[in-house]
Amino acid sequence: MCQLSELLLMDTSIGCILLMVAVVYVVLQVFRFIFADADFTLLWAASFGKNPESQLRGQVVWITGASSGIGEELAYQLAQIGAQLVLSARRENELERVKLECLGRSRLQEEDILVLPLDLLDRKSHEAKTAAVLKHFGKIDVLINNGGRSQRSLCLETNMEVYQALMELNFLGTVSITKHVLPHMVQRGMGTVTTVSSVVGIAGAPLATGYAASKHALQGFFNSLRIELADSPGITISTICPGPVQSQIVQNAFTEKLSKSLSQTGDQQHKMTTPRCVQLILCGLANRVKEMWIGQQPFLLFFYVWQYTPTLAWFVTGVLGQKRIQNFKAGLDADTAYFTKPKVP
């Protein structure tokens, strides 16, 4: 009996220890999530995965939308790790500025960076642009589809021309460039096509009906394309879904009319910094992460809520969506002060 009691006591003790370990693990993961700024797969890649410098050095990377924001920062960080660059956007003078900055921050030579002005709306020119890249470098290892514009307007006030422009630019322009680059990658049996989507590519958001539609379209297109290319394991199709990031995307956003610019953009300091966002993107690229969720709280939480508890997500989005509209009408950045009363400037 004594031995049986001792065994039961030992089993109970082991059970208590295992329970305590499990509780500590759960608490630790919750604590990590509170301060996380990306999904756990991407954070694991950033901490324990392959180094971007070892994977991307010497690679030819074509960046659209490279004249500002995330695209500009991608150029700087890729230059620093030794990637060869193709910089594309509409404003050639801005691309030249970015190129000079890249040369100043790295050991790249003049011929390692090609400035290639590009209009995503001019789809007839995309074949020639792709040929120009291949003539200069002989290959394209990575295509980063970053070009596009956002939106800040209510549906009932927005002209149909704005919706058409958003789909033409964000969706069809990106698909066109991809279709011209992809045959080259399939022929080589390797390559990466990475597309900057958005948190609203997964969840809806007020003031961005057209923008969200274009990003949902990109998500559907590239998720389907990834499956089509299952017989080409050397080709990676990845999508990047950032939450709010400090960039010029708000300043350049469409409003209810094509000819009207946004009068007030509000303070952007509460958003994730562009260098941190790009640092995470490069870690994802180096480790072939198929989908990257990037955002500070509470936006990161939105990704998980939409993924695993959509009914709750609809309720939360309804509450915070009204707050977003109130911020916009008050002349603030739409994504500021969700949980505190904003101070109107």
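# Exercises on a predicted model

Thr192 is in contact with Asp141, Val142, Leu143, Met185, Thr236 and Leu285, leaving aside its neighbours within four places in sequence. Keep in mind throughout that this is a predicted model. Grab a coffee, open the viewer and work through the exercises below.

## Exercise 1: Thr192 and Asp141

Task: Find where Thr192 sits, decide whether Thr192 is buried or exposed, and then follow Asp141 to its salt bridge partner.

Solution:

- Step 1. Start with the secondary structure: Thr192 belongs to strand S5, which covers residues 191-196.
- Step 2. Check the accessibility. The cut-off for buried is under 20% relative accessible area. Thr192 has 14%, so Thr192 counts as buried.
- Step 3. Move to Asp141, one of the contacts of Thr192. Asp141 forms a salt bridge with Arg188, at 3.1 Å from N to O. This pair links distant parts of the chain, 47 residues apart: Arg188 is in helix H7 (residues 160-188), and Asp141 is in the loop between H6 and strand S4 (142-145).
- Step 4. Look at the two ends of the bridge. Asp141 is buried, at 5% relative accessible area, whereas Arg188 is partly exposed, at 30%.

## Exercise 2: Salt bridges along the chain

Task: How many salt bridges does a search of the whole structure find, and which residues form a network with Arg97?

Solution:

- Step 1. Recall the background: side chains of opposite charge can pair when their charged atoms come close.
- Step 2. Take the total: the search finds ten salt bridges.
- Step 3. Zoom in on Arg97, which pairs with Glu94 with the closest N and O atoms 2.9 Å apart. These two are three residues apart in helix H5 (residues 92-105), so about one helical turn separates them.
- Step 4. Widen the view: Glu72 joins Glu94 and Arg97 in a network of salt bridges. Both accessibilities fall in the partly exposed range, with Arg97 at 34% and Glu94 at 21%.
- Step 5. For another pair, go to Glu53 and Arg57, where the closest N and O atoms are 2.3 Å apart. Glu53 is partly exposed at 35%, and Arg57 is partly exposed at 48%.

## Exercise 3: The nonpolar residues

Task: Which residues have the most contacts inside the largest nonpolar core, and which residues form a nonpolar patch on the surface?

Solution:

- Step 1. Begin with a general idea: in soluble globular proteins, nonpolar side chains tend to be buried together.
- Step 2. Here, the largest nonpolar core has 54 residues, and Ile63, Leu74, Leu78, Leu85, Leu87 and Ile294 have the most contacts inside it.
- Step 3. Another core lies apart from that one; this core has 26 residues, among them Val133, Ile177, Ile235 and Ile237.
- Step 4. Select Leu87 and list what it touches beyond four places in sequence: the contacts include Ile63, Ala66, Leu95, Val98 and Ile113.
- Step 5. Now turn to the surface. Tyr25, Val26, Val30, Phe31, Ile34 and Phe35 make up a nonpolar patch with about 660 Å² of accessible area together. Ile34 is part of helix H1 (residues 2-34).

## Exercise 4: Cysteines without partners

Task: Explain why Cys102 and Cys283 do not form a disulfide with Cys277.

Solution:

- Step 1. A disulfide is a covalent bond between the sulfur atoms of two cysteines. The cut-off used is sulfur atoms within 2.5 Å.
- Step 2. For Cys102, the closest cysteine sulfur is in Cys277, 17 Å away, and therefore too far for a bond.
- Step 3. For Cys283, the closest cysteine sulfur is also in Cys277, at 12 Å, again too far for a bond.
- Step 4. This fits the search of the whole structure, which finds zero disulfides. Cys102 is buried at 0% relative accessibility, and Cys283 is buried at 9%.

## Exercise 5: Backbone surprises

Task: Where is the cis peptide bond ending at Pro298, and what is the phi of Leu207 and of Arg288?

Solution:

- Step 1. Most residues other than glycine have a negative phi, and most peptide bonds are trans.
- Step 2. The bond from Gln297 to Pro298 is cis, with omega near 10°. Pro298 lies in the loop between strand S7 (291-294) and helix H10 (299-308).
- Step 3. Leu207 has a positive phi of about 75°. This residue is in the loop between S5 and helix H8 (209-228) and is buried at 1%.
- Step 4. Arg288 has a positive phi near 55°. Arg288 is in the loop between helix H9 (274-286) and S7 and is partly exposed at 42%.

Methods. Residues are numbered from 1 along each chain as its sequence is written. This is a predicted model: local features need pLDDT of at least 70, side-chain atom pairs count only at pLDDT 80 or more; totals for chains, interfaces and linings use all residues. Side-chain values use heavy atoms; hydrogens and water are left out. A nonpolar core is a set of buried Ala, Val, Leu, Ile, Met, Phe, Trp, Tyr and Cys residues joined through side-chain atoms within 4.5 Å. Buried means under 20% relative accessible area, exposed over 50%, partly exposed in between (1.4 Å probe, protein chains only). Contact means heavy atoms within 4.5 Å. Helices (H or I, at least four residues) and strands (E, at least two) are DSSP runs, numbered from the N terminus. Patches are made of residues with over 30% relative accessible area and no salt bridge: like charges are joined within 9 Å, nonpolar side chains (Val, Leu, Ile, Met, Phe, Trp, Tyr) within 5 Å. Accessible areas come from the Shrake-Rupley method with a 1.4 Å probe; for residues, only the protein chains shown count as cover. A salt bridge is a side-chain nitrogen of Lys or Arg within 4 Å of a carboxyl oxygen of Asp or Glu.
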